[in-house]
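I set out to record the charged pairs in this structure and the surroundings of its nucleic acid strand. The entries follow the order in which I looked things up.

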Amino acid sequence: MNTELEKLRHSASHVMAHAVMRLFDNVKLGIGPSTEDGFYYDFELPEKISEEDLKRIAGEMEKISAGNLPFKKEVLKKEDALKEFKDQPYKLQLINEIPEGEEVSVYTSGEFRDLCRGPHMEKTSDIKNFKLTHIAGAYWKGSETNPMLTRIYGTAFFSEEELDDHLKRIELAKERDHRKLGKELDLFSIHGQEAGAGLVYWHGKGSAVRRVIENFWIERHLQNGYELVNIPHIARSNLWKTSGHLDFYRENMFPAMDIEQGEEYILKPMNCPGHIIVYKNTVHSYREFPIRWAEMGTVYRYEKPGVLHGLMRVRGFTQDDAHIFCRPCQLDGEIESILRFTVDMLSTFGFSKYEVFLSTRPEKHVGTDENWERAQDALKKGLEKISLDYKIDPGEGVFYGPKIDIKIKDSLQRLWQCSTIQVDFNVPEKFKLEYSAPDGSRKQPVMIHRAVFGSLERFFAVLTEHYGGRFPLWLAPVQAEIIPIGEKHFDYCIRLKEQMIKEGLRVEVNLKEEKLGKKIWLSRKKLVPYMAVAGDREVAEGTLSVRKLGEGEAGTVSKETFLKNLLREAASRSDSSVL
RNA sequence: GCCGGUGUAGCUCAGUGGCAGAGCAAUCCCCUCGUAAGGGAUAGGUCAGGAGUUCAAGUCUCCUCACCGGCUCCA
């Protein structure tokens, strides 16, 4: 299945490889596929190259394109192919992996010949609108144990307009980067050098957004039959031994703290054992089920230095976690209601498109095959019941159970993993959890682990990029800025601010001695949804001249009306004015 | 962890071996102002950290840390 665009991009990767072969000696070729956004080709090069070299390579590509060379396909016998590519170790490996009976084809364009399944464009001059974007290292065949090749990324389109649009979209994504907005809007900071990589400092403005998210989360959980619990951040290592974390999750855990003579404590990488401690504190009856315990639980995981990324990938983060204890017969119903609950909550934040994945048993796991089968079946049934389309991600489950991951699509059509639902028969077994069944016997409950936002840090980052920092009113760190025109209007503005703050709004006053135009410019830079200007006229009438971000002047209203309107809009949790 | 790049004032960045710079922000002064940046002055630096080469290092070399683009891994 090759679309025309994939054909174009794959052909572009050939032209790029062709150019690289012309410019460097002794190049070993890896693979050069098309991707969602463009294409790449992996090379083993005799020397280091940097982004500077991309211009040269692109220049050579222009020449090859202008050369108008046809792409010609040729089918070879396997032994002939092996002979022809004897100096290309990676190609040899690929040839040897082609199953018997499948054809071995080679594409030729000018003096460049490459092992390739095709298909291709007709000629090199079809590749006109391309751009080489960046360079990266990539393991051969994606395995850490293989040598690292140099990957050159590029993109190509049929028309110049499409290429420009694409490059503009990349620029837009850069503008919306949560790390950039985090600085500009004073939301958070990370101090890798001074205080530790991957550890987040939430500033006042970021915390304001976070608090709104948390309050909404608490409200919805209480309405949906959850109880909120709280657990400590460290626990003795024997707890993590029992749970299986020390055996199966150790590489992601910070080393144990030796507190007093041989008593080791461990910083929690997950919340589940803590909730299990609460469960085990008393005996439970089937009549209590389902028990739904939720917590914004902060966890710490050791992540390799190279994987850290803003708020998206950190070493300390807060999961909006919940554990549901129930009877096996309640499992389907619980999964279904969790899915509905999740989708409902996400839609409030403007996320209505998802991709859903069902991840199955990984290599490193606890528990029996039978338990894994049961858990997977339950998840499948839940998905089918609310007819959500999903894909299977083989071997991607957690060590204690399979999971459903919901990836949300943001306003730039990018996917982000947030929500997760995991069915677990294994940890209850390890901790010997019990409940009294209707017939008086002791049975083992099933446990569901689930998170809607996944990590608050990541969700906040996704939200920031989704809205490009222009948060809808209910989330905005500063909902309104009141701007006095001159010093004599300060009192009026300060009193109004105090009144609005008492009503629960987040409001600031700009008391700098600047001109109105500059104050408006500053407020716009901070992406504050509403500005309220007050001068002589407004003070005399008890009104405000209102400006709306992105829309400009919105007329004069009484300060009471302004306050009421803001309260109403914030309470609606609507994002319609933003997107 | 791996490949490549980067690290200079609070922020954005210039400075390729010879006196450490600009704009914005900050502070002070002038202007007292009506809807997208008024003017002036002042202050602000262990040039990420350490070692080395050199008469001389922000600049060259090595090590460490962090950050950026990817790979592997992942909420």
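The entries below deal first with salt bridges and then with the surface near the RNA.

**Entry 1. Salt bridges overall.** I note at the outset that this is a predicted model. I searched the whole structure for salt bridges and obtained 38. I also found Arg22, Glu60, Lys63 and Glu111 linked in a network of such bridges.

**Entry 2. Asp42 and Arg151.** I looked up the pair formed by Asp42 and Arg151, whose closest N and O atoms are 2.7 Å apart. Asp42 belongs to strand β2 (residues 39-44) and Arg151 to strand β7 (residues 148-157), so this bridge ties together parts that are 109 residues apart in sequence. I then checked accessibility: both Asp42 and Arg151 are buried.

**Entry 3. Arg113 and Glu84.** Here I recorded a salt bridge with its closest N and O atoms 2.6 Å apart. Arg113 sits in strand β5 (residues 112-115) and Glu84 in helix α3 (residues 78-84), and the pair links parts of the chain 29 residues apart. Are these two side chains buried or exposed? I found Arg113 to be partly exposed, with a relative accessible area of 27%. Glu84, at 34%, is likewise partly exposed.

**Entry 4. Asp536 and Lys488.** The closest N and O atoms of this salt bridge are 3.4 Å apart. Asp536 lies in helix α18 (residues 536-541), while Lys488 lies in the loop between β23 (480-484) and α16 (490-502), so the bridge joins parts that are 48 residues apart in sequence. I noted Asp536 as partly exposed at 46% relative accessible area. Lys488 counts as exposed because its relative accessibility is 64%, above the 50% cut-off.

**Entry 5. Surface near RNA strand B.** I counted 52 residues around RNA strand B, the closest being Tyr139, Pro305, Arg313, Arg524 and Ser545. Of the RNA atoms that come within 4 Å of the protein, 48% belong to sugar and phosphate. By class, I recorded 22 charged, 17 nonpolar and 13 polar residues in this surface. Elements that each supply at least two residues to the surface include β6 (129-139), β7, α17 (516-525), α18 and β26 (543-548).

**Entry 6. Polar contacts to the RNA.** Which parts of RNA strand B do Lys183, Glu513 and Arg547 approach? For Lys183, I found a side-chain N or O atom 3.1 Å from a phosphate oxygen. For Glu513, a polar side-chain atom lies 3.3 Å from a base oxygen. For Arg547, the corresponding entry is 2.8 Å, to a sugar or linking oxygen.

Methods:
Residues are numbered from 1 along each chain as its sequence is written. Chains are lettered from A and ligands numbered from 1 in the order in which they are written. This is a predicted model: local features need pLDDT of at least 70, side-chain atom pairs count only at pLDDT 80 or more; totals for chains, interfaces and linings use all residues. Side-chain values use heavy atoms; hydrogens and water are left out. A salt bridge is a side-chain nitrogen of Lys or Arg within 4 Å of a carboxyl oxygen of Asp or Glu. Helices (H or I, at least four residues) and strands (E, at least two) are DSSP runs, numbered from the N terminus. Buried means under 20% relative accessible area, exposed over 50%, partly exposed in between (1.4 Å probe, protein chains only). A residue is near a molecule or strand if one of its heavy atoms lies within 4 Å of it. A polar contact is a pair of N or O atoms within 3.5 Å; within protein, one must be able to donate a hydrogen and the other to accept it, and residues adjacent in sequence count only if both atoms are side-chain atoms. Ala, Val, Leu, Ile, Met, Phe, Trp, Tyr, Cys and Pro count as nonpolar, Asp, Glu, Lys and Arg as charged, and the others, Gly among them, as polar.
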